Amino acid sequence: MADENENNEEQIFEPGDTHAEEKIVPVKGLYENWFLDYASYVILERAVPAINDGLKPVQRRILHAMKDLDDGRYNKVANIIGHTMKYHPHGDASIGDALVQLGQKDLLIDTQGNWGNTLTGDGSAAPRYIEARLSKFALEVVFNHKTTKWGLSYDGRNKEPFFLPVKFPLLLAQGAEGIAVGLACKILPHNFNELIDASIGVLRGKRPNILPDFPNGGMADFSNYNDGLRGGKIRIRAKMRQLDKKTLVIDEIPHGTTTGSLIESIIKANDKGKIKIKKIEDNTADKAEILVHLPPNISPDKTMDALYAFSDCEVSISPNACIIENEKPRFVGVNEILKINTEQTVDLLKQELEIRKRELEEQWHFSSLEKIFIEHRIYRDIEEAETWEEVLGNIDLGLKPHIKHLKRAVVEDDLVRLTEIKIKRISKFDSFKADEKIAGLEAELEEVQHNLDNLVDFAIDHYKRLKKKYGEGRERKTEIKIFDSIEAAKVVVANKKLYVNREEGFIGYGLRKDEFVSDCSDIDDIIVFRKDGKMMVTKVDSKKFVGKGIEHVGVWKKGDKRTIYNMVYHDGLKGTAMMKRFPVNSITRDKEYDLTAGNKGSKLLYFTANPNGEAEIIQVLLRQKANLKKPKFDFDFADLAIKGRAAKGNILSKHLVRKVELKEVGASTLAPRKIWFDDIVQRLNPEGRGTYLGAFKGDDKILAIYQRGYYRITGYDLSTRFDEELIHIEKFDPEIVVTAVYWEGEKSQYNVKRFHPELSSKPVAFITEHNDSRLEFATTHPNPVAKIQYDKRSSDQEDEDVELAEFISVKGLSAMGNRLTAQKVRTIDRFEPDISGDETAEEATEDVNQTVENDGPPSDEDPPDTLNGDGEQITLF
């Protein structure tokens, strides 16, 4: 036995062997066979849906069992489960779970009772308390006994379908998910109406491009969907809005989450200090509603971004479209699945038409024989016949003169059927009705043949009929958007305090007895400058050694080009005093950078960090020596160009410098920040994407006007969010005039008003609050024109153009305005004459895209910093 164990072999005794003859079978061989058999079984029979009908075996058997029980009334789910066990070789629990999932998809099964809630994650009631029946859609689309191929059930007692003849892309409508052995499947659900439209497009030769649609709604970015294949990725976000300055409302949740799991993720983010919330209320019923209450002085816009960054308000899903085709798994894109399903639908429709054609031809054939048999009284020819063969022979002989128009030969079965006609039917035979019946059959036969000849058109009509009957209320729920990237470091709440021990060279949020620097978060990067002219950026930690002699420490933001560092240093022990100005916008973390010329003994004489590029005036005190005429002098950093951190710098003095002191705080030397608005992601940006708003600095503001008749005046922080109903956005000017044309609901008339927007931190309505009031348009153009088309049915008034600046003067914000016209209006369009502007968007973009060079040696790892090769100061953004 010891040798057997060493060789990984197992002792097997064959049954019935009286001598217990020993046979050796390698375990390796058994494992290979059994594992492959098991893996194949799980893949084919449990986890992955078939391309033919889009169903897993358990789902197919449930629907087949429900069809067996179908009488138009609801059945207890417990009864359906028991009936399905005749076909499914597994327990009732798996059948019940699959049935509930089918019912929750609200397509194939009509449900009654508590079937659970996909929003809250609540389970369904016990099977004995809930009921179900097949939906009308399922009865029309999924079943047809005549086109179904049948096989025996697992015990051989019953028949079950190999596949159901589904005439619809059911797999894509419902989606599918399963984990097999060494293989997984994840097909996302798609929109009912969009699938029908795409199928019609395929039949018309168009290339489909379908995208998922989730029952919980939300927003999704399908930029990397990859046709649903492995390697793709979908980002899904909850829909949330700002109720007021202290409350956010989540109206729709991402697919795959529940309100409970979403709230739990928000609470976790709050407990970790990533976000700050006061409390959460879950008011979900038939629709999701989660209220997030914020503490005072917390930005709602920034909190919304933080929720997307640190909670399940944004989730990623990786699709993996896999199906069973010809008894083998196949990875295929969703658009290809749609094409295959559409071709299958056409083939099934063709089979149904051909079957119907054969049935009609048989009905026409026998109806014609019956008419001949009765009208020509051939039944009398069998009265004298003594044998069965003679009866059939007499009938055949009597029919022969009259059957030349038949479409096929008369066979013995036809003669037998004629003998089965009852005397009562012969006595009441009506030749006119018989002709009508045959004509009706011929007309239907002609229609079927026409559909066969025009099969594609027939299939298109089939899809259109489904959309008309079942498409109402199945509009897209998930909004298709392109998301902006949220940088976690920019939206995380400052949940830690940064301390420094300058002499010992330690930084961290655990050094509470040492010098306080600033608030920070636990994911921030910290930049450190030392007295020896070295710099490094490292991840914040409880306590970290960064080198003795710390001169400056602070929170560092990647890509920050507006923070400018002013520095004076001694080049070596006896070298000259050098000065430089530089930003630090890209680094390799934990790498030490030398900001000096690299000579031994170099050290800092003066250093400041300026968040907005300020340039101060310094006083330089020189070391006393003979023939030194000027022992001190002033220098303005504004006269020094901003270069890269690798630049050596300019000479401040060739004499030895004793001390450098701050003499006067300076102003920013950076140009105003140029801002664009990207209407795709509804966010501000400095990279030149979208509409150019202008150059901003200090207390500049942005004016945003919305379709619901209100405006907001906000700052130009890049985290500011704008509602989807935004219709106009520009840089705010206190002298600007807004012209608005709106329908006044109470008086049922069009009004015009012109006003100066007033500064306010809250949304400000400028139309009346009546429920029927609505904004037609609003503009800040100085001379807008309203092009009015009148309703000619109620007035002969000619269409006219109204110059609104002349029509009404500028009034207060609360004024209702003047009535535009007393006539009945058909349409009002806005026209804005061309006016010359200031800096164009193209000119601004050119400024952003200008290429600058580094006159200092760039490092191997890092890209060159933003510099002007001529040593002139440049504009940074």
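Tutor: Strands here are DSSP runs (E) of at least two residues, numbered from the N terminus, and the model they are read from is a predicted one. On that basis Asp227 belongs to the loop between strand 10 (219-224) and strand 11 (233-237).

Student: What makes the phi of Asp227 notable?

Tutor: Asp227 is not a glycine, and yet its phi is positive, at about 60°.

Student: Does Asp227 count as buried, partly exposed or exposed, and why?

Tutor: Buried requires under 20% relative accessible area and exposed over 50%; Asp227, at 25%, falls between these cut-offs and therefore counts as partly exposed.

Student: Why is Glu327 called exposed?

Tutor: The cut-off for exposed is over 50%, and Glu327, with a relative accessibility of 57%, passes it and so counts as exposed. Glu327 sits in the loop between strand 17 (322-325) and strand 18 (328-331), and its phi, near 65°, is likewise positive in a residue other than glycine.

Student: Why are helix 4 and helix 5 called oblique to each other?

Tutor: The axes of helix 4 (residues 77-84) and helix 5 (residues 92-104) come within 10 Å and cross at roughly 125°. Since 65 to 115 degrees is roughly perpendicular and over 145 roughly antiparallel, that angle belongs to neither class, and the pair is therefore oblique. The crossing is right-handed, and the contact is made by Val77, Ile80, Ile81 and Thr84 of helix 4 with Asp92, Ile95, Gly96 and Leu99 of helix 5.

Student: Which classes of residue make up the contact of helix 4 with helix 5?

Tutor: That contact has five nonpolar, two polar and one charged residues, with Gly counted as polar.

Key:
Residues are numbered from 1 along each chain as its sequence is written. This is a predicted model: local features need pLDDT of at least 70, side-chain atom pairs count only at pLDDT 80 or more; totals for chains, interfaces and linings use all residues. Side-chain values use heavy atoms; hydrogens and water are left out. Axes are lines fitted to C-alpha atoms, for helices over the stretch in contact, and angles run from 0 to 180 degrees between N-to-C directions. Helices (H or I, at least four residues) and strands (E, at least two) are DSSP runs, numbered from the N terminus. Angles under 35 degrees count as roughly parallel, over 145 as roughly antiparallel, 65 to 115 as roughly perpendicular and the rest as oblique. A crossing is left-handed if the near helix is turned anticlockwise from the far one by less than a right angle, and right-handed if clockwise. Contact means heavy atoms within 4.5 Å. Buried means under 20% relative accessible area, exposed over 50%, partly exposed in between (1.4 Å probe, protein chains only).
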